Amino acid sequence: MVKPVSAQRDRLDTYQQALDDFGITELLSRLSNCSVPDFDTAYLVEKQELENLVAILIQRLTHSLQDNLIASYLSAIQEGKSDSLLSQINVEIPPQLIELPSHFPNVETPRFLYGDKLRWVSSDDDTDWGIAIGRFYSFAPHRCCWMWRYLIWLAKDSPSVAWTVADTAWEEDLEPLASEKAL
């Protein structure tokens, strides 16, 4: 007989251990106790906001790593000198850009066209859907990069139509609508 509470506790312990091992717990603690001039300490950061910030910092760190730094570190590990290399790592996170990327308009082709019937990606069947009536290229702060964002005219029986007729969504949050739903 399986004890579900025990199994769940074991999974949570394993998850917490992974967060500790990879420095995520320490990063969350450091961010929640951040103290810098001109920072309003009265503003209490929600857990979800902290987790989003951690994800952004990890993504930006990942994008800013250079191959030669990684190769040097891997070589140092092979030679047993990884401690000396760690002190030399200085990763600079670039500021958030407010200008279009220099390679625009030569960017990734949009996945969806005007008139495409789309729905928000969700495991729940009760999600919004509609027709793409526009798109624009914008900086996505949650991904720390530029992405396509769509303007969706909601279907008359879409759940959110009670308070709005249109909404925007990032390309990654949309999928083609199954043909059985009528707009």
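A search of the whole structure, which is a predicted model, finds 1 salt bridge. That salt bridge is formed by Arg-119 and Glu-175, whose closest N and O atoms are 3.0 Å apart. The points below begin with this pair, then follow the strands, and end with a surface patch and two features of the backbone.

**The salt bridge**

- The pair links distant parts of the chain, since Arg-119 lies in strand β1 (residues 117-120) and Glu-175 lies in strand β5 (residues 174-176), with their positions 56 residues apart in the numbering.
- Arg-119 has a relative accessibility of 11%, and it therefore counts as buried, because buried means under 20% relative accessible area.
- Glu-175 has a relative accessibility of 26%, so this residue counts as partly exposed, a class that lies between the limits of 20% and 50%.

**Strand pairing**

- Strand β1 pairs with strand β2 (residues 129-140) in the antiparallel sense, and this pairing runs over 3 bridges.
- Within the pairing with β2, Lys-117 is the residue that stands opposite Ile-131.
- Strand β2 also pairs in the antiparallel sense with strand β3 (residues 145-154), here over 10 bridges.
- Ile-131 has a bridge partner in β3 as well, namely Trp-153, so that Ile-131 can be followed from Lys-117 to Trp-153.

**A nonpolar patch on the surface**

- Leu-61, Leu-65, Ile-70, Leu-74 and Ile-77 form a nonpolar patch on the surface, and together they have about 390 Å² of accessible area.
- Helix α4 (residues 67-78) gives the most to this patch, contributing 3 residues.
- Leu-74, which is one of the patch residues, has its place in helix α4.
- With a relative accessibility of 48%, Leu-74 counts as partly exposed, because exposed would require over 50%.

**Two features of the backbone**

- Most residues other than glycine have a negative phi, and most peptide bonds are trans.
- Against that background, a cis peptide bond joins Phe-104 and Pro-105, with omega at about 10°.
- Pro-105 is found in the loop between α5 (82-86) and β1.
- Cys-144 takes a positive phi near 60° in the hairpin of β2 and β3, a hairpin that has 4 residues between the strands.

Notes: Residues are numbered from 1 along each chain as its sequence is written. This is a predicted model: local features need pLDDT of at least 70, side-chain atom pairs count only at pLDDT 80 or more; totals for chains, interfaces and linings use all residues. Side-chain values use heavy atoms; hydrogens and water are left out. Patches are made of residues with over 30% relative accessible area and no salt bridge: like charges are joined within 9 Å, nonpolar side chains (Val, Leu, Ile, Met, Phe, Trp, Tyr) within 5 Å. Accessible areas come from the Shrake-Rupley method with a 1.4 Å probe; for residues, only the protein chains shown count as cover. A salt bridge is a side-chain nitrogen of Lys or Arg within 4 Å of a carboxyl oxygen of Asp or Glu. Helices (H or I, at least four residues) and strands (E, at least two) are DSSP runs, numbered from the N terminus. Buried means under 20% relative accessible area, exposed over 50%, partly exposed in between (1.4 Å probe, protein chains only). Two strands pair if DSSP finds at least two bridges between them.
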